[in-house]
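Let's take a walk through a small fold together, going from the whole chain down to single side chains. Keep the picture open and turn it as you read.

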Amino acid sequence: MSRPPRHRLVPTNVAALAVGVTEATIRKWVSRGKITRYGAPGRRSEFDIEELTEIALQRQL
């Protein structure tokens, strides 16, 4: 999978706000393979805002 354009990536705290969950939930979803984490190990995690938008829409159903 290729990395999304830089302007689409947001840090963990923004990802949590976008979906309406805690940062801990975002980290759980990463470990369970529900969302994709971008960034090198030991560095700041970033998430694709478009992927988060899809998850947020699914959660509203």
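We'll begin with the overall layout and then visit a few residues one by one.

A word on ground rules: this is a predicted model, where local features need pLDDT of at least 70, side-chain atom pairs count only at pLDDT 80 or more, and totals for chains, interfaces and linings use all residues. Residues are numbered from 1 along each chain as its sequence is written, and side-chain values use heavy atoms, with hydrogens and water left out.

So what is the chain built from? It has three helices and two strands. Those names come from DSSP runs: helices are H or I over at least four residues, strands are E over at least two, and both are numbered from the N terminus. Follow the sequence and you'll meet them in the pattern β-α-α-β-α.

Next, the overall dimensions. Along the principal axes, the C-alpha atoms fill a box of roughly 35 × 20 × 20 Å. The chain's radius of gyration is 11 Å, which agrees with the value near 10 Å for a compact globule of 61 residues. That radius is taken over C-alpha atoms, and the globule rule is 2.2 Å times the number of residues to the power 0.38. The chain exposes about 4,200 Å², and carbon and sulfur atoms supply 52% of that area. Accessible areas like this one come from the Shrake-Rupley method with a 1.4 Å probe, and for residues only the protein chains shown count as cover.

How much of the chain is buried? Buried residues make up 31% of the 61 residues. Here, buried means under 20% relative accessible area, exposed means over 50%, and partly exposed is in between (1.4 Å probe, protein chains only). As for how the chain meets itself, take the contacts between residues at least 6 apart in sequence: 54% of them join residues at least 24 apart. A contact means heavy atoms within 4.5 Å.

Now head for the inside. The largest nonpolar core has 11 residues: V10, A15, A16, V19, V21, I26, W29, I35, F47, L52 and I55. Two or more of these residues come from each of α1 (12-19), α2 and α3 (49-60), and α1 gives the most, with three. A nonpolar core is a set of buried Ala, Val, Leu, Ile, Met, Phe, Trp, Tyr and Cys residues joined through side-chain atoms within 4.5 Å.

Let's stay with α1. Its buried residues are T12, A15, A16 and V19. They cover an arc of only 100 degrees around the axis, which puts them on the same side of α1; the arc is that of the directions from the helix axis to the C-beta atoms. Here's the background: an α-helix has 3.6 residues a turn, so residues three or four places apart point the same way. The buried residues of α1 pack against β1 (9-11), α2, β2 and α3. N13 is found in this helix too, but counts as partly exposed at 38% relative accessibility. Just after α1 comes G20, whose phi is positive, near 85 degrees.

L52, in helix α3, is one of the core residues. It is buried, with a relative accessible area of 2%. Not counting residues up to four places away in sequence, L52 touches V10, A15, V19 and F47.

Which residues are joined to E46 by side-chain polar contacts? One of these contacts, at 3.0 Å, is with R3, and another, at 2.7 Å, is with R44. A polar contact is a pair of N or O atoms within 3.5 Å; within protein, one must be able to donate a hydrogen and the other to accept it, and residues adjacent in sequence count only if both atoms are side-chain atoms. E46 sits in strand β2 and counts as buried, at 4% relative accessibility.

Step back one place to S45, in the loop between α2 (23-32) and β2 (46-48). S45 is buried, with a relative accessible area of 17%, and its side chain makes a polar contact of 2.7 Å with that of R37.

Last stop: is R6 buried or exposed? R6, in the segment before β1, is exposed, with a relative accessible area of 52%. Leaving aside its neighbours within four places in sequence, R6 is in contact with R44 and E46.
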